[in-house]
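Q: Hi! Could you walk me through this one while I have it open on my screen?
A: Happy to, just ask away.

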Amino acid sequence: MLELRAITAGYVKNAPVVRNVSLTIAPGEAVGLLGPSGCGKSTLARVAALLHRPDSGTLVLDGRPVRRWRHRAPRELRTAFGVVFQQPRLSADPRLALRDLVAEPLRATGRREGLAERVAELASAVGLTPDLLGRRPHEVSDGQLQRACLARALVLRPRWLVCDEMTAMLDASTTAALVAVVEEYRAATGAGLLAVGHDRTLLDRWCDRTVHWETLPARARPAEDGQPAPERVPAG
Amino acid sequence: MTERAPVLSVRGLSVRFLMPGGRRVAAVTDAHFDVAPGECLALVGESGCGKSVLASALLGLLPGNAQTAGQALLGETDLLAADERTLARTVRGRLIGLVPQSPAAHLTPVRTIRSHLRETLTELTGVRGRAALRAAAGKAAERAAFPAGHLDHHPHELSGGLAQRAATALALVGDAPLLLADEPTTGLDRDLVDRTVDELRRHVDEGSEGAEGAEGAGASAGNAGAGRALLMITHDLAAAERIADRVAVMYAGRIVELTDAAAFFGAPGPRHPYSRGLLQALPDRAFTPIPGLPPELGDLPDGCAFAARCARATGACAVPPPLTGTVACHHPHQEPGPRAPAAQPLAPEAADRA
């Protein structure tokens, strides 16, 4: 069970982008979070994945409240999450060959045993050829790099997956392929999923339930003051 | 389709990149297409298929190791043969307005939108003087539905949609007969995608209205009230379906299908197996991926580049299929109507038995 309770989070003092939002994901459940750009949905996903400390509110993971985020979070909690971001180019170390990119979480947690086999197994699951594994990010396409990023997210066998606009940069076929990989993994492991996106058709097809940002309980409007209002201007 | 003279006429456009070690990457191979005034042609395909290289070739923005062949006629100018001076002084902004992929990266972060517009107006039009430029900037913003109240904002203060409109306003200043939109909707949410492409469509339909001071080379390309042409490069099939008149599907550097948008997205559907697979991968259709990966552009097979992933492939596919009619395939899906496809080597015995 992943429970976000009354989360308030943001980047500027006194102007949080997420205000008092709650969301619960049952074990093994796939929840799609839908919302326009700039609404704060990615920030909420980062809070859920222990990547952003909220200003207030609680994150309860399997009954235990989380007290530390980012590098301060205990390893067994951090490794419970696999995260895939929107832009593979910004989330891949340009110096690493794809093989090392996928293996990095294993190395970082000292699990060198069977490393090569695990990488090979995942590479074939996400559709990367051995030739591609030897290349660095600038030598592959966005779609191929995102396949590697998904493999990296799965390499530690996380109990939770957070996919933040994972397919926004990708063509239809690669999108369908990556979603199929995620669903195969979830079918095999029973992992839960929070998929953030703006494509209702995609999330409806992919997830058990889709919630719209606007309908999340107990929230106030984001950032009325100071920041430019996102798209409140009448067209034409 | 194109009874009027096309705005852009591309004939046999190929782009090769020479890599270290004598490797050659075939980014675009033998592309043929026209874009008519008032028409939107959507060039679709997956990332890395050569779409954006084609756009860069039209703008003369390819890197130094690129070799081009063929012709791309815009009015009397061959964009591939033109020198940098011609491209800079008469083509970019004047004959081709570029709507960029990422407006946030396209705009200068330290300057306001008004300042961007003022500079562009000074460069591309005859408007001079503080007051006149100020008024012209307001007008230019209005054409792209950019709100006047945000003109003094810097790019980082704008939402994605407004930044997109600012970039579009800049692209429209030169009153170019061809708008080139390179992935204009990447990273935008669905409502914004719809709004952005609808606005692009509006600019195509409205065409050039002889905006302030469009003297100079811009007027020469036969756009007399006939509307602009739009070449939209995208991987977003929903956006293409929304506004395109015709669709060109690119795979591994080649245009494999070039057809009417209504027939492509509706009945009878695409004829090339790749196009079909791409449509079937959409979440509101079968949501099944095309098996396998696209080939490397540096290591293309001799025959049809899609054969390795294609369920209909046979021995005939060892020879690259020419673009016959609307499709480049040895085994295309059936053409509508009574005409049998010209190159259909499948099952002649069925006809014999009849």
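Q: Thanks! Which residues in α6(B) and α7(B) meet each other?
A: This is a predicted model, to say that up front. On the α6(B) side there are Gly160(B), Gly161(B), Gln164(B), Thr168(B) and Leu172(B), and they meet Leu192(B), Arg195(B), Thr196(B), Glu199(B) and His203(B) of α7(B).

Q: And by class, what does that contact of α6(B) with α7(B) have?
A: It has six polar residues, two nonpolar and two charged.

Q: How do the axes of α6(B) and α7(B) cross?
A: They come within 10 Å of each other, at an angle of roughly 15°. Angles under 35 degrees count as roughly parallel, so α6(B) is roughly parallel to α7(B).

Q: Is the crossing of α6(B) and α7(B) right-handed or left-handed?
A: Right-handed, as α6(B) passes α7(B).

Q: Let's try another pair. How do the axes of α4 and α5 of chain B cross?
A: Helix α4 covers residues 113-124 and helix α5 covers residues 130-143; their axes come within 9 Å and cross at roughly 105°. That makes α4(B) roughly perpendicular to α5(B).

Q: Which residues make the contact there?
A: From α4(B) you have Arg114(B), Leu117(B), Arg118(B), Leu121(B) and Thr122(B), while α5(B) brings Leu133(B), Ala136(B), Ala137(B), Ala140(B) and Ala141(B). By class, that contact has seven nonpolar residues, two charged and one polar.

Q: Switching to the interface: how many residues does the contact take from chain A and from chain B?
A: Chain A puts in 30 residues and chain B puts in 32 residues.

Q: Which helices of chain B each supply at least two residues to the side that touches chain A?
A: Those are α6 (160-173), α7 (190-206) and α10 (273-280). Of the side of chain B that touches chain A, α7(B) gives the most, with four residues. By class, this side has 14 nonpolar, eleven polar and seven charged residues.

Q: What about the core? Which residues touch the most other members of the largest nonpolar core?
A: Leu178(B) and Leu231(B) do, in a core of 171 residues. The largest share of this core comes from α6(B), with nine residues.

Q: What does Leu178(B) touch, not counting residues up to four places away in sequence?
A: With those set aside, Leu178(B) touches Val7(B), Leu8(B), Val35(B), Leu74(B), Leu95(B), Ile96(B), Arg228(B), Ala229(B) and Leu231(B).

Q: And chain B overall, how many helices and strands are there?
A: Chain B has eleven helices and ten strands. Of its 354 residues, 48% count as buried.

Q: Now the backbone oddities. Where is Pro268(B)?
A: Pro268(B) lies in the loop between α9 (261-265) and α10 of chain B. The peptide bond from Ala267(B) to Pro268(B) is cis, with omega near 0°. Most peptide bonds are trans.

Q: What is phi of Asn20(A) near?
A: Phi of Asn20(A) is near 55°, a positive value in a residue other than glycine. Asn20(A) is in strand β2 (residues 18-25) of chain A.

Q: Why does Asn20(A) count as partly exposed?
A: Because Asn20(A) has 16 C-beta neighbours inside 10 Å, while buried would take 20 or more.

Q: Last one: is Leu50(A) buried or exposed?
A: Leu50(A) is buried, with 24 other C-beta atoms within 10 Å. Its place is in the loop between α1 (41-48) and β4 (56-61) of chain A, and phi of Leu50(A) is positive too, near 65°.

Key. Residues are numbered from 1 along each chain as its sequence is written. Chains are lettered from A and ligands numbered from 1 in the order in which they are written. This is a predicted model: local features need pLDDT of at least 70, side-chain atom pairs count only at pLDDT 80 or more; totals for chains, interfaces and linings use all residues. Two residues are in contact if their C-beta atoms, placed from the backbone, lie within 7 Å. Ala, Val, Leu, Ile, Met, Phe, Trp, Tyr, Cys and Pro count as nonpolar, Asp, Glu, Lys and Arg as charged, and the others, Gly among them, as polar. Axes are lines fitted to C-alpha atoms, for helices over the stretch in contact, and angles run from 0 to 180 degrees between N-to-C directions. Angles under 35 degrees count as roughly parallel, over 145 as roughly antiparallel, 65 to 115 as roughly perpendicular and the rest as oblique. A crossing is left-handed if the near helix is turned anticlockwise from the far one by less than a right angle, and right-handed if clockwise. A nonpolar core is a set of buried Ala, Val, Leu, Ile, Met, Phe, Trp, Tyr and Cys residues joined through C-beta atoms within 7 Å. A residue is buried if 20 or more other C-beta atoms lie within 10 Å of its own, exposed if 12 or fewer, and partly exposed in between; C-beta atoms are placed from the backbone.
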